[in-house]
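User: I'd like to learn how to read a fold from its contacts, helix packing and burial. Could you walk me through one, step by step?

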Amino acid sequence: MQKNISVIVVANDNFESLEKVIWSYNTQAFRNFEMIIVNQNSDETISKSITSIQKEVFFPIVLLNFDKENNGDDCVKKAIEIASTNYVLITNSDCLARPDFVEQHIKNRVEGYFLNGISYSINALVSNKISQEIIYSSKCFQMSWLKSKRIGFYKSFMISYSGLLSTFLDAIFSKNDISSDNLSGWKSDFIQINSFTNLKINNLKEIDLKQKNIKSRAILLKLQN
């Protein structure tokens, strides 16, 4: 079956975080996607582990290995080029996706726009307590669990809330900043972008792309080690 969206995950050296991120995509409500992992360090440990974890998840994983000398932006552009879909979502290997994450990017996509969500950082102590069971039960996105880990009310609310108020909140969020670990757009548009590392709003205006905020709807938890 033809996939609707390609999720590009830029990997760092920490496979433990990457494994948790892959588990979080195994909880997604929207299931018609592929994952492309950009391994910028050619770490054989990641390659072997991906082969193993592929058996656990419902979505296909494509692993792109690059030498450390390769430019990070070139690696991301290569991933965009090989994507089998016409819509791509770019994120990092330390960001857990809420179960409606891919769905939010899919249902809010619009021609001529890129979508920008948000990631909320949690400290290393809490990050290390997040297990496969907690991810599969979505507890780490529930307000009661977050508050039990002493995450503040505002952050706990924003991470867990998915009601009608989200659309209103997105309308009042600043549009001058871009979260490069929660970004989606049409492949034909993104292929024209030279740098995703220090992406600025002006880079996107140059190719006539407008911004649409989904920062109260497309939620990531950013792990710390």
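User: Among contacts in the protein chain between residues at least 6 apart in sequence, what percentage join residues at least 24 apart?

Analyst: Keep in mind that this is a predicted model. The share is 82%: that many of the contacts between residues at least 6 apart in sequence link residues at least 24 apart.

User: How many helices and strands are there in the protein chain?

Analyst: The protein chain has 11 helices and 10 strands. As for burial, 52% of its 225 residues are buried.

User: Let's take a pair of helices. How do I describe the way they pack?

Analyst: The general idea is that two packed helices are described by the angle between their axes and the distance between the axes. Here, take helix 1 (residues 15-25) and helix 2 (residues 44-53): their axes come within 11 Å and cross at roughly 25 degrees.

User: Are helix 1 and helix 2 roughly parallel or roughly antiparallel, and why?

Analyst: Angles under 35 degrees count as roughly parallel, and therefore helix 1 and helix 2 are roughly parallel to each other. Their crossing is right-handed.

User: Which residues meet between helix 1 and helix 2?

Analyst: From helix 1 you have Phe-15, Leu-18, Glu-19, Ile-22 and Trp-23, and they meet Ile-46, Ser-49, Ile-50 and Ile-53 of helix 2. Sorted by character, the residues of this contact are seven nonpolar, one polar and one charged.

User: Now burial. Is Thr-91 buried or exposed, and where does Thr-91 lie?

Analyst: Thr-91 belongs to strand 4 (residues 87-92). Its relative accessible area is 0%, and buried means under 20%, so Thr-91 is buried. If you skip residues up to four places away in sequence, Thr-91 touches Val-7, Ile-8, Val-9, Val-10, Tyr-25, Asp-181 and Leu-220.

User: What about the cysteines: how many disulfides does the count come to?

Analyst: The count is zero disulfides. Cys-75 is buried at a relative accessible area of 0%, and Cys-95 also counts as buried, at 0% relative accessibility.

User: Let's go to the end of the chain. Where does Leu-223 lie, and which residues is Leu-223 in contact with?

Analyst: Look in the segment after strand 10 (219-222) for Leu-223. With neighbours within four places in sequence left aside, its contacts are Ser-17, Lys-20, Asp-94, Leu-96, Ile-122, Ser-127 and Ile-130. One of these, Leu-96, is 127 residues away in sequence, yet the two C-alpha atoms are 7.5 Å apart. Leu-223 is buried, with a relative accessible area of 4%.

User: How far apart are the C-alpha atoms of Ser-121 and Leu-223?

Analyst: They are separated by 6.2 Å, with the two positions 102 residues apart along the chain. Ser-121 sits in strand 7 (residues 118-121) and is partly exposed, at a relative accessible area of 32%. Not counting residues up to four places away in sequence, Ser-121 touches Lys-155, Lys-222 and Gln-224.

User: And the loops? Is Glu-111 buried or exposed?

Analyst: Glu-111 is exposed, with a relative accessible area of 60%. You'll find Glu-111 in the loop between helix 4 (101-107) and strand 6 (113-116). Glu-111 and Leu-209 are 98 residues apart in sequence, and their C-alpha atoms are 9.0 Å apart.

User: Where is Ser-195 found?

Analyst: Ser-195 is in the loop between helix 10 (187-190) and helix 11 (201-205), and counts as partly exposed at 26% relative accessibility. Its C-alpha atom is separated by 8.3 Å from that of Asp-74, which is 121 residues away along the chain.

User: Last topic, backbone angles. What is phi of Ser-138, and what is phi of Arg-150?

Analyst: Phi of Ser-138 is near 65 degrees, a positive value in a residue other than glycine. Arg-150 also has phi near 65 degrees, and that residue isn't glycine either.

User: Where are they placed, and is each of Ser-138 and Arg-150 buried or exposed?

Analyst: Ser-138 lies in the loop between helix 6 (132-136) and helix 7 (143-148), and is buried at a relative accessible area of 17%. Arg-150 lies in the loop between helix 7 and helix 8 (153-160), where at 80% relative accessibility it counts as exposed.

Conventions. Residues numbered from 1 in each chain as written. Predicted model: local features only at pLDDT ≥ 70, side-chain atom pairs only at ≥ 80, totals over all residues. Heavy atoms only, no water. Axes fitted to C-alpha atoms, helices over the stretch in contact; angles between N-to-C directions. Helix = DSSP H or I, 4+ residues; strand = E, 2+ residues; numbered from the N terminus. Parallel < 35°, antiparallel > 145°, perpendicular 65-115°, else oblique. Left-handed = near helix turned anticlockwise from the far one by under 90°. Contact = heavy atoms within 4.5 Å. Nonpolar A, V, L, I, M, F, W, Y, C, P; charged D, E, K, R; others polar. Disulfide = S-S within 2.5 Å. Buried < 20%, exposed > 50% of the residue type's maximum accessible area, 1.4 Å probe, protein only.
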